Amino acid sequence: MSRAEGAAPAESVSPAETLEAPPAAVELTGVTVRYQARGRRAGQAVTAVSDVSLTIGEGEFTVLVGPSGCGKTTLLRVVAGFEPAAGGTASVHGAPPRPGHGTGLVFQQPRLFPWRTVGGNLAFALARHGLPRAERAARTAELLELVGLSGYAGRRTWELSGGQQQRVAIARALAGRPRLLLLDEPFAALDALTRERLQEELRTLTARTGTAVLFVTHSVDEAVLLGSRVLVMAADPGRVVADLPVDLPRDAATDPAALRGTPEFAALRGTLSRTLREAAGAA
Ligand SMILES: Nc1ncnc2c1ncn2[C@@H]1O[C@H](COP(=O)(O)OP(=O)(O)OP(=O)(O)O)[C@@H](O)[C@H]1O
């Protein structure tokens, strides 16, 4: 038997299999960021993060935790396109990060314009995203419905509670229909009950819109409750030292309070606390 006769028939490849996988929501490869120090160390370069590689898939909810100063905000700023990397490469949906392009940002403080109404704040964001004036009112109503503030368009921002203001900030971040939401300790300044409500709402609405999320927090509880995955960073220099999957049953019917009471939640919480302590010790 000739070699050709005995060879297995060539595998047929369907057209779908030849298509390339879509780019990840975020792809960082060997990212290093340096700042110029001020004060007594003026002139010296501070390496804020060093050689960070990570991938965030479409629609994935990733949480970033780590001791103070380990570079969480810096990494978020790189992904947002505000901070250039001194080394390595960063991409968001396959393109270099650009501020306001495909990403929405939420900070610890809502940072709303106090001289505008709630609707005015959202209309301003919609205008920046190029939405025609005639379509802004309808989209504003849609965004407010998404964050549970239907009917609040005419309110002044200073008439709202801290939690309501943060809901408006989330609506504003969603104005450009971003496929990636970046949140830097968005609920840290809120009381416990409001924080819990907003955690639940954020989880539900990002699942509904299919938005990928990169969420920074200092709270172990919040990280396990929200993340489908938690990245742990250590400092000096800032780097990712652990990548913990969070595999908890989480459908629309799952009550977060019940989830918190499960042994699985407690075990993950324990693992994350231990990893964080080790990361703080490793700095
Ligand atoms: N603009 C800047 N100029 C100089 N150094 C900076 C600047 N921004 C951040 N750094 C330094 O870079 C490092 C990382 O800071 P970053 O704010 O990213 O940390 P973080 O993990 O978000 O901290 P925290 O949890 O306290 O908010 C720190 O050592 C910080 O002092």
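**Exercise 1. How many residues of domain 1 are in contact with how many residues of domain 2?**

Work this out on the predicted model, then describe the side that domain 1 contributes.

*Solution.* Start with the division of the protein chain: domain 1 covers 23–102 + 178–283, and domain 2 covers 112–177. Next, take the C-alpha centres of the two domains, which lie 25 Å apart. Now count the contacts, taking C-beta atoms within 7 Å as the cut-off: twelve residues of domain 1 are in contact with eleven residues of domain 2. On the side of domain 1 that touches domain 2, helix α7 (residues 192–209) gives the most, with six residues. Finally, sort that side of domain 1 by residue type: eight are nonpolar, two polar and two charged.

**Exercise 2. Find the strand order of the open sheet of three strands, and explain what is left free at its edges.**

*Solution.* Let's begin with one pair. Strand β1 (residues 26–36) and β2 are joined in the antiparallel sense over eight bridges. To check the register, look at Glu27, whose bridge partner in β2 is Thr55. Adding the remaining strand gives the order β2-β1-β4, with antiparallel pairing. β2 and β4 (87–92) each have a single partner strand, so each of these edge strands has one side without a neighbour in the sheet. As a last step, follow the twist, which averages 30° from one strand to the next.

**Exercise 3. Which residues come nearest to the ligand, and which element gives the most to the shell around the ligand?**

*Solution.* There are 13 residues around the ligand, and those that come nearest are Tyr35, Ala48, Ser68, Thr73 and Thr74. Now assign the shell to elements: β2 (45–56) and α3 (72–80) are the ones that give two or more residues. Of these, α3 gives the most, with three residues. Sorting the shell by type then yields five nonpolar residues, seven polar and one charged.

**Exercise 4. Describe how helices α4 and α5 cross, and list the residues that make the contact.**

*Solution.* First locate the helices: α4 spans residues 118–128 and α5 spans residues 133–146. Their axes come within 10 Å and cross at roughly 115°. The handedness of this crossing of α4 and α5 is right-handed. Then pick out the side chains' owners: α4 brings Gly119, Leu122, Ala123 and Leu126, while α5 brings Arg136, Arg139, Thr140 and Leu143. To finish, classify the residues of this contact of α4 with α5, which gives four nonpolar, two polar and two charged.

Terms used. Residues are numbered from 1 along each chain as its sequence is written. This is a predicted model: local features need pLDDT of at least 70, side-chain atom pairs count only at pLDDT 80 or more; totals for chains, interfaces and linings use all residues. A residue is near a molecule or strand if its C-beta atom, placed from the backbone, lies within 6 Å of it. Helices (H or I, at least four residues) and strands (E, at least two) are DSSP runs, numbered from the N terminus. Ala, Val, Leu, Ile, Met, Phe, Trp, Tyr, Cys and Pro count as nonpolar, Asp, Glu, Lys and Arg as charged, and the others, Gly among them, as polar. Two strands pair if DSSP finds at least two bridges between them. Axes are lines fitted to C-alpha atoms, for helices over the stretch in contact, and angles run from 0 to 180 degrees between N-to-C directions. A crossing is left-handed if the near helix is turned anticlockwise from the far one by less than a right angle, and right-handed if clockwise. Two residues are in contact if their C-beta atoms, placed from the backbone, lie within 7 Å. Domain bounds come from an automatic or database domain assignment.
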